[in-house]
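Student: I am new to this structure. Please take me through one part of it closely, the surroundings of the ligand, and then set that part among the sheets.
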Amino acid sequence: MNTIDTPFFAAVGNDLPVLPAARIAGRALRAEVPESRSAIFNASTGEAIGWQESASAAQIDEAVRVASEAFASWRAFTAAQRGEILRKVAELVEARRDQLTVLQMRVSGKPPVEAWTDVSDVIATFNYYADLCTQGTAFEIESIVLPGDGVAAERFHVPVGVAALIVPWNFPMVTTAWKIAPALAAGCTVVLKPSELTSPVECALVDLLAEAGVPEGVVNVVNGGAEVGALLTRHPLVDKISFTGSTAAGKHVMRAAAEDMKRLTLELGGKSALIVREDADVELAVSLAVGGAFTNAGQMCSATARILVHDSLYRKFMTAFETAVSALVVAAPGTRDVAMGPLISEGQRTRVQALVEAGVQAGAQVAFQGQSAQDTDGGFFMAPVVIAEPSADNILWTDEIFGPVACVKSFRTDDEAIALANDTRYGLVATVVTRNKQMAQHYQCAVRAGLVWVNTPQLIYPHVSWGGFGLSGLGRELGLAGLRSYQELRHTMRNTTP
Ligand code: NAD
């Protein structure tokens with residue numbers, strides 16, 4: 001079965017495709033209440049390109065029960081067998097790379113290079129967990145040396161069970177892969193709740209899983225908004241929740257998980273810093289600042305939109321930053337040289353603009369803005385905004401904006417830079433730009449963040465785990481830690497005396 005050639009590719013006019021409320025054990029289930037639909041928009045035109053139905057409580061219950069029933073047979077596959085299927089997923093995604101890229105652009109309005117990179121990330125993630133499965137060492141039973149005679153102990157990892165996977169809209173295909181690949185590698189079965197704004201993208205990826213040979217019932221989907229996610233998190237047969245989204249929603253999820261002591265991974269918001277030391281290469285710093293603040297129109301949990309620049313470089317940096325930001329072409333994906341796309345929705349644009357207004361009213365100064373989008377036919381575009389020297393309590397400095405807004409602040413000493421970087425309850429990532437290796441190491445230790453990049457763009461490899469401190473979440477995705485998050489640790493001890 002191959003449904004990746006989804007009508008969402010071609011949708012125009014009145015004949016808009018409808019994504020079913022649920023896909024359970026390979027069957028597409030329609031909504032029980034026909035009017036429970038929400039529109040899917042093309043973010044770069046503002047046009048509705050389809051509808052998504054919302055799963056009912058009964059459909060959510062069925063999806064979880066089907067996943068629960070499929071668990072015993074899926075966990076009985078060897079790791080190597082599961083790895084072969086994950087490898088096949090990577091191959092199918094590669095074969096459909098162009099279509100998935102176009103679908104991602106059509107829904108989110110991402111520039112081609114960003115949509116393409118998302119698909120590359122999905123392929124790398126499935127290949128990485130396929131490797132872990134086929135190499136096998138992560139699944140081996142380990143012996144533990146004990147001091148006493150006559151007793152032996154062993155340690156191994158078993159799949160948690162049914163995993164509820166809830167994803168946001170900013171990197172829908174990537175976030176889905178980061179959860180599904182390790183969950184399946186571990187031997188878990190899953191119920192995915194895509195973002196209500198981008199579900200055609202997540203659902204296209206799920207279609208390929210079936211085609212790759214994932215057995216029926218192992219991966220199920222329930223579509224809908226926050227209420228569907230909330231019902232899923234409360235289902236007693238769900239053993240593990242992996243949630244990516246806002247910190248506010250993450251707190252609800254954590255409360256829901258507490259009821260049954262469900263295992264929990266939370267990838268939440270951020271307010272991350274990019275630190276430009278006095279010895280930095282300013283050209284490099286500017287390119288990292290542009291990438292860190294305006295990739296995906298700033299709709300990144302890892303946005304390094306608090307830019308700290310050493311006093312001695314501040315003017316030079318701001319001049320070069322203004323030139324670079326002014327040159328960004330903000331437009332629809334098909335536009336020549338496009339560098340930044342739209343925000344995901346009218347609601348998101350209104351939210352971001354309101355935050356900018358509130359920040360400015362409280363005294364923040366707009367240093368400069370980038371270009372407004374041209375010929376955008378009603379898309380949800382917004383020009384990049386750069387704020388200079390906001391006060392430490394300004395909302396633009398303290399709160400996650402999740403849009404194309406960067407703040408720049410100067411500092412005089414490394415201690416001051418570290419204190420400013422750490423003056424937040426989030427702690428997802430940080431970037432340091434310096435030519436001094438020793439100081440780079442000092443920052444790596446002193447900055448409170450789950451991942452620190454030194455003189456590099458925001459590189460992501462599935463080998464390196466992702467996650468943050470404080471309000472940025474709980475646990476880690478990707479890497480071996482990502483696999484372990486879908487496993488329970490089990491020990492055995494036995495008497496070895498004959
Ligand atoms: P959101 O929290 O509104 O929604 C995320 C997902 O959770 C959606 O599928 C939504 O339907 C669902 N949801 C909402 N409330 C829920 C609830 N009470 N129970 C269960 N599910 C619920 O977030 P968003 O606006 O879609 O995404 C933006 C947020 O995601 C930002 O705060 C961003 O920082 C965060 N994010 C974090 C990471 C990370 O890796 N740390 C990555 C991407 C996005």
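Student: How many Å is an oxygen atom of the ligand from an N or O atom in the side chain of W466?

Tutor: Keep in mind that this is a predicted model. In the model, the distance from a ligand oxygen atom to an N or O atom in the W466 side chain is 2.9 Å.

W466 has company. The side chain of K193 also places an N or O atom 2.7 Å from an oxygen atom of the ligand. For the side chain of S246, the corresponding distance to a ligand oxygen is 2.6 Å. The protein covers much of the ligand's surface: taken alone the ligand exposes 840 Å², and 88% of that is buried by the protein.

Now look at the whole shell. It holds 28 residues around the ligand. Those that come nearest are V167, K193, S246, L268 and E400. K193 and S246 thus appear twice in this account: they are on the list of nearest residues, and their side chains make the contacts at 2.7 Å and 2.6 Å.

What is the shell made of? By residue type, 15 are nonpolar, 9 are polar and 4 are charged. Two domains take part. Domain 1 (7-268) and domain 2 (273-465) each give at least three residues to the shell. Secondary structure elements contribute too. At least two shell residues come from each of α7 (226-234), β11 (240-244) and α8 (247-260).

β11 leads us to a sheet. This open sheet has 8 strands, in the order β3-β2-β10-β9-β8-β11-β12-β22. In that order, β11 stands between β8 and β12. The pairing is mixed. At the edges are β3 (27-29) and β22 (473-474), each paired on one side only. Follow the β3 end. There, β2 (residues 22-24) and β3 pair antiparallel over 3 bridges. One bridge matches R23 with A28 in β3.

Another open sheet has 3 strands, ordered β6-β7-β23 and paired antiparallel. β6 (142-144) and β23 (487-495) each have a single partner strand, so one side of each has no neighbour in the sheet. On average, neighbouring strands here are turned by 30 degrees against each other, direction ignored. Between β6 and β7 (residues 151-159) there are 3 bridges, in the antiparallel sense. I144 has A153 in β7 as its bridge partner.

Last comes a hairpin, formed by β4 and β5 with 6 residues between them. β4 (residues 37-41) and β5 (residues 48-53) run antiparallel and are joined by 5 bridges. A39 has W51 in β5 as its bridge partner. In the turn, G46 has a positive phi of about 80 degrees. What holds such pairs together? Strands of a sheet pair through backbone hydrogen bonds, in either a parallel or an antiparallel way.

Methods:
Residues numbered from 1 in each chain as written. Predicted model: local features only at pLDDT ≥ 70, side-chain atom pairs only at ≥ 80, totals over all residues. Heavy atoms only, no water. Near = heavy atom within 4 Å. Polar contact = N/O pair within 3.5 Å; in protein donor to acceptor, adjacent residues only side chain to side chain. Areas by Shrake-Rupley, 256 points an atom, 1.4 Å probe, with all protein chains shown as cover. Helix = DSSP H or I, 4+ residues; strand = E, 2+ residues; numbered from the N terminus. Nonpolar A, V, L, I, M, F, W, Y, C, P; charged D, E, K, R; others polar. Domains from an automatic or database assignment. Pairing = 2+ DSSP bridges. Axes fitted to C-alpha atoms, helices over the stretch in contact; angles between N-to-C directions.
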